[in-house]
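Below is a short report on one protein chain. Keep the sequence and the 3D view open while reading.

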Amino acid sequence: MARWWRALARAAGRYPWPTNVLLYAALFSAGDALQQRLRGGPADWRQTRRVATVAVAFHANFNYVWQRLLERALPGRTPRAILAKVLCDQAVGAPVAVSAFYTGMSILQGKDDIFLDLKQKFWNTYKSGLMYWPFVQLTNFSLVPIQWRTAYTGLYGFLWATFLCYSQQSGDGTLTSAFAFLHLKEANAVERPPEK
């Protein structure tokens, strides 16, 4: 295992863009697979492939460039610089990422109105993200070296992708709907007697 980590660190040093993009996309796609597992249905690998496509084609690359742009525009790790990066990330980066996810997924799913999910779920999803991402980005901007920031964001993007994919398929973009689903699933599991 230690050999694998050393190889990953070397790859990130030599090829930071593809290493970060692939790690981010793999984690983001795994979030969709987890969401499907939690829902209890059969695995929909076409759906996971669509999520991976959005992650590789946009999210991971955008995140990689965005992290570097923020560092260039607001260099350093002073409290003021970190807070400014978090504020810019939430005011500019987050709306772009949420919009790209809902629109990209709608395009790949062949929906007639590719902006319908975006119109219906954007504000709820954005507000839900404001309860999660600022805390992730505080640690990211203050502790994580620039060459690992996209991969680090992808690690937390795994949980976010689980929520986003649920919201895109059947939620309304609120954490309440996701937690209600999990609570309902738990209640149903308790009520059902075990099969023999």
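Leu83, Phe135 and Leu138 form a nonpolar surface patch of about 310 Å². Patch members have over 30% relative accessible area and no salt bridge; like charges are joined within 9 Å, and nonpolar side chains (Val, Leu, Ile, Met, Phe, Trp, Tyr) within 5 Å. Accessible areas come from the Shrake-Rupley method with a 1.4 Å probe, and for residues only the protein chains shown count as cover. Leu138 sits in helix α6, residues 133-143. Leu138 counts as partly exposed because its relative accessibility is 33%. The classes are buried (under 20% relative accessible area), exposed (over 50%) and partly exposed in between, with a 1.4 Å probe and protein chains only.

The model is predicted: local features need pLDDT of at least 70, side-chain atom pairs count only at pLDDT 80 or more, and totals for chains, interfaces and linings use all residues. Residues are numbered from 1 along each chain as its sequence is written, and side-chain values use heavy atoms, with hydrogens and water left out.

**Overall fold**

The protein chain has eight helices and zero strands. Along the sequence the pattern reads α-α-α-α-α-α-α-α. Helices (H or I, at least four residues) and strands (E, at least two) are DSSP runs, numbered from the N terminus. Of the 196 residues, 42% count as buried. The chain exposes about 11200 Å², and carbon and sulfur atoms supply 67% of that area. Contacts reach far along the sequence: among those between residues at least 6 apart, 71% join residues at least 24 apart. A contact means heavy atoms within 4.5 Å.

**The cavity**

How many cavities of 30 Å³ or more are there? The count comes to one. The largest cavity holds about 280 Å³ of space. Its elements with two or more lining residues are α2 (16-39), α3 (45-73), α4 (79-108), α5 (116-130), α6 and α7 (149-169). Helix α4 gives the largest share of the lining, six residues. In total, 21 residues line the largest cavity; Asn63, Gly93, Ala94, Ala97 and Trp133 lie nearest its centre.

The search uses a 1 Å grid over the protein atoms alone; a cavity is a set of points where a 1.4 Å probe fits but cannot get out, and lining residues have an atom within 4 Å of a point. Grid points are joined across faces, edges and corners, and a volume is the space filled by probe spheres set on the points.

**Two buried residues**

Tyr24 lies in helix α2. Tyr24 is buried because its relative accessible area is 5%. Not counting residues up to four places away in sequence, Tyr24 touches His59, Ala60, Asn63, Thr150, Thr153 and Gly154. Asn63 is 39 residues from Tyr24 in sequence, and their C-alpha atoms are 9.1 Å apart. Asn63 is also among the residues nearest the centre of the largest cavity.

Pro95 belongs to helix α4. Pro95 counts as buried because its relative accessibility is 18%. Its contacts, again leaving out residues up to four places away in sequence, are Gln90, Phe122 and Tyr126. Pro95 and Thr125 are 30 residues apart along the chain, with 9.4 Å between their C-alpha atoms.

**Salt bridges**

Side chains of opposite charge can pair when their charged atoms come close. The structure holds five salt bridges. Each is a side-chain nitrogen of Lys or Arg within 4 Å of a carboxyl oxygen of Asp or Glu. The table lists some of them.

| Salt bridge | N to O distance |
|---|---|
| Glu71 and Lys85 | 2.6 Å |
| Asp117 and Lys111 | 2.8 Å |
| Lys119 and Asp113 | 3.5 Å |

Glu71 in helix α3 and Lys85 in helix α4 are 14 residues apart, so this pair links distant parts of the chain. Shared partners join Glu71, Lys85 and Arg149 into one network of salt bridges. Lys85 counts as buried because its relative accessibility is 0%.

The other two listed pairs have partners in unlike settings. Asp117 counts as buried because its relative accessibility is 7%. Its partner Lys111 counts as partly exposed because its value is 32%. Lys119 counts as exposed because its relative accessibility is 59%. Asp113, its partner, counts as partly exposed because its value is 30%.

Conventions. On a 1 Å grid over the protein atoms alone, a cavity is a set of points where a 1.4 Å probe fits but cannot get out, and a pocket is an open set with protein on both sides within 12 Å along at least five of seven lines; lining residues have an atom within 4 Å of a point.
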